[in-house]
2 protein chains.
Amino acid sequence: MEQMTRIQQNTLRRIVEAAIELMSERGFHRVSVQEVGKKAGICEKTVFRYFATKKSLLDEIIRYRAYASELKREFENGRTWNLEHDLKLAARLYFQETKAKRNAFRAYLSALDSVDTNGEDFLRDPRELHAFLCDYMTAMQEKGKVRAGDVRLMVRAFVNTLHGYMLMYCLNDDGKSWGDKVASMKLTIDLFIQGFSQTGNSVTA
Amino acid sequence: MEQMTRIQQNTLRRIVEAAIELMSERGFHRVSVQEVGKKAGICEKTVFRYFATKKSLLDEIIRYRAYASELKREFENGRTWNLEHDLKLAARLYFQETKAKRNAFRAYLSALDSVDTNGEDFLRDPRELHAFLCDYMTAMQEKGKVRAGDVRLMVRAFVNTLHGYMLMYCLNDDGKSWGDKVASMKLTIDLFIQGFSQTGNSVTA
């Protein structure tokens with residue numbers, strides 16, 4: 001579907017958004033392609049032309065949730081080469097992007113048995129996030145603003161911790177009780193900043 | 001069902017384990033009570049006597065996954081009042097317990113729309129874990145082995161980080177690629193130990 005017209009792209013988007021809305025509420029397996037069409041106001045036959053199977057619709061939901069490119073752009077615009085400022089910025093942008101697409105994530109959490117969480121589509125964004133933060137941290141190490149150690153591992157620890165909090169957020173009904181987690185997340189990010197800065201080097205990666 | 005005989009308890013356990021096996025593979029909504037009975041080798045009528053609804057079966061799966069009491073017992077037996085040793089022990093026990101019950105967690109991740117993740121059953125174990133680690137950290141603070149600060153918040157950050165990694169593990173197909181996460185989890189726990197110890201007190205909770 002690389003060469004879609006704007007009208008086609010618009011139709012695809014309407015179908016995907018209707019599917020996300022229904023599936024995040026009721027679960028992937030309890031929503032039919034017919035219902036998605038009805039919700040989107042698009043006839044069943046057209047929906048089937050875009051998505052021959054529900055699995056292909058799920059793949060599109062994963063693509064719809066892409067966040068890394070936007071995050072990278074905003075991070076590179078906003079960073080000041082101060083470790084504390086920049087890691088907080090990265091975390092804030094990450095939650096901003098993934099929270100906005102929370103329902104897409106819930107839709108495919110409800111389809112766990114149909115999702116390959118080791119698949120290329122699923123891993124693309126985490127990998128892109130890891131890659132550009134590695135570039136950043138390597139540059140910071142060269143500037144003498146980040147302690148010595150395995151940058152790839154340090155970034156993996158940071159990014160995995162963000163993913164964990166995001167999962168807790170997406171899992172939570174309506175994001176209730178998320179407020180309770182924000183303070184603990186901030187403290188965790190502070191520990192990373194302290195641990196990665198040039199002065200806090202008693203932990204070796 | 002407080003006053004069950006041993007035979008009844010055994011029957012209940014067989015039903016729950018059969019349900020977990022089927023639901024963790026195929027998803028909650030794609031498994032019928034009939035299939036659970038067949039898998040468990042128990043007639044449908046009996047299954048319905050124990051579980052009038054699929055939702056009640058899901059509630060029992062949540063109870064089946066309880067880990068905090070066992071974790072507390074083993075932590076209190078094994079702790080040495082050395083912060084590094086004890087936080088690593090707590091993390092190890094947490095993953096040991098929750099990984100063993102990974103399929104139960106996957107079963108109810110697949111039923112997100114039917115699970116109240118703010119419900120009492122869902123929150124009991126995280127709360128118990130938080131409570132006994134708070135007792136431990138308060139004692140450590142009194143011994144002068146943990147820096148000053150809000151113990152409840154410090155423990156929440158630690159526990160939420162463990163939950164996040166556990167979610168990533170449970171989400172992952174067959175736990176593949178989990179090996180990649182272990183090193184980053186260890187580094188993260190090291191950051192907590194460093195940040196919470198008496199010497200590393202530049203972060204204030």
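Which helix provides the largest share of the lining of the second largest pocket? The legends below answer this and cover further close-ups of the predicted model.

**View 1. The second largest pocket, with residues from chains A and B in its lining.**
The volume here is about 610 Å³. Lining the second largest pocket are 24 residues, and those closest to its centre are Lys181(A), Leu123(B), Pro126(B), Asn160(B) and His163(B). H9(B) provides the largest share of this lining, with seven residues. Other helices also take part. From chain A, H9 and helix H10 (178–196) each supply at least two residues. From chain B, helix H7 (102–109), helix H8 (120–142) and H9 each do so as well. By class, the lining holds eleven nonpolar, seven polar and six charged residues.

**View 2. The largest pocket, lined by 32 residues.**
This pocket encloses about 750 Å³ of space. Nearest its centre lie Phe122(A), Leu123(A), Pro126(A), Arg127(A) and His163(A). H8(A) gives the most to the lining, with nine residues. In chain A, helix H4 (54–64), helix H5 (68–78), helix H7 (102–109), helix H8 (120–142) and H9 each supply at least two lining residues. In chain B, helix H9 (151–171) and H10 each do the same. The lining of the largest pocket divides into 14 nonpolar, seven polar and eleven charged residues.

**View 3. Packing of H9(A) against H10(B).**
Helix H9 (residues 151–171) of chain A packs on helix H10 (residues 178–196) of chain B at an angle of about 85°. Their axes are 8 Å apart. Angles of 65 to 115 degrees count as roughly perpendicular, and H9(A) and H10(B) are therefore roughly perpendicular to each other. On the H9(A) side, the contact involves Leu153(A), Met154(A), Arg156(A), Ala157(A), Asn160(A) and Thr161(A). They meet Asp180(B), Lys181(B), Ala183(B), Ser184(B), Leu187(B) and Thr188(B) of H10(B). The residues of this contact comprise five nonpolar, four polar and three charged.

**View 4. Helix H7 of chain A, a mostly covered element.**
Seven of the eight residues of H7(A) are buried. They are Arg102(A), Ala104(A), Phe105(A), Arg106(A), Ala107(A), Tyr108(A) and Leu109(A). H7(A) also supplies at least two residues of the lining of the largest pocket.

**View 5. Buried residues of helix H4 in chain B.**
H4(B) spans residues 54–64. Its buried residues are Leu57(B), Leu58(B), Glu60(B), Ile61(B) and Ile62(B). Among the elements that cover them are helix H1 (6–26), helix H2 (33–40), H7 and H8 of chain B.

**View 6. Trp81(A), a residue with positive phi.**
Most residues other than glycine have a negative phi. Trp81(A) is not a glycine, yet its phi is positive, about 60°. Trp81(A) sits in the loop between H5 and helix H6 (83–100) of chain A. Buried means under 20% relative accessible area, and exposed means over 50%. Trp81(A) has 25% relative accessibility, so it counts as partly exposed.

**View 7. Trp81(B), a residue with positive phi in chain B.**
Trp81(B) has a positive phi of about 60°, although it is not a glycine. The loop that holds Trp81(B) runs between helix H5 (68–78) and helix H6 (83–100) of chain B. At 25% relative accessibility, Trp81(B) counts as partly exposed.

Methods
Residues numbered from 1 in each chain as written. Chains lettered and ligands numbered in written order. Predicted model: local features only at pLDDT ≥ 70, side-chain atom pairs only at ≥ 80, totals over all residues. Heavy atoms only, no water. Axes fitted to C-alpha atoms, helices over the stretch in contact; angles between N-to-C directions. Helix = DSSP H or I, 4+ residues; strand = E, 2+ residues; numbered from the N terminus. Parallel < 35°, antiparallel > 145°, perpendicular 65-115°, else oblique. Contact = heavy atoms within 4.5 Å. Nonpolar A, V, L, I, M, F, W, Y, C, P; charged D, E, K, R; others polar. 1 Å grid on protein atoms, 1.4 Å probe; cavity = no way out; pocket = protein on both sides within 12 Å on 5 of 7 lines; lining within 4 Å. Points joined across faces, edges and corners; volume = space filled by probe spheres on them. Buried < 20%, exposed > 50% of the residue type's maximum accessible area, 1.4 Å probe, protein only.
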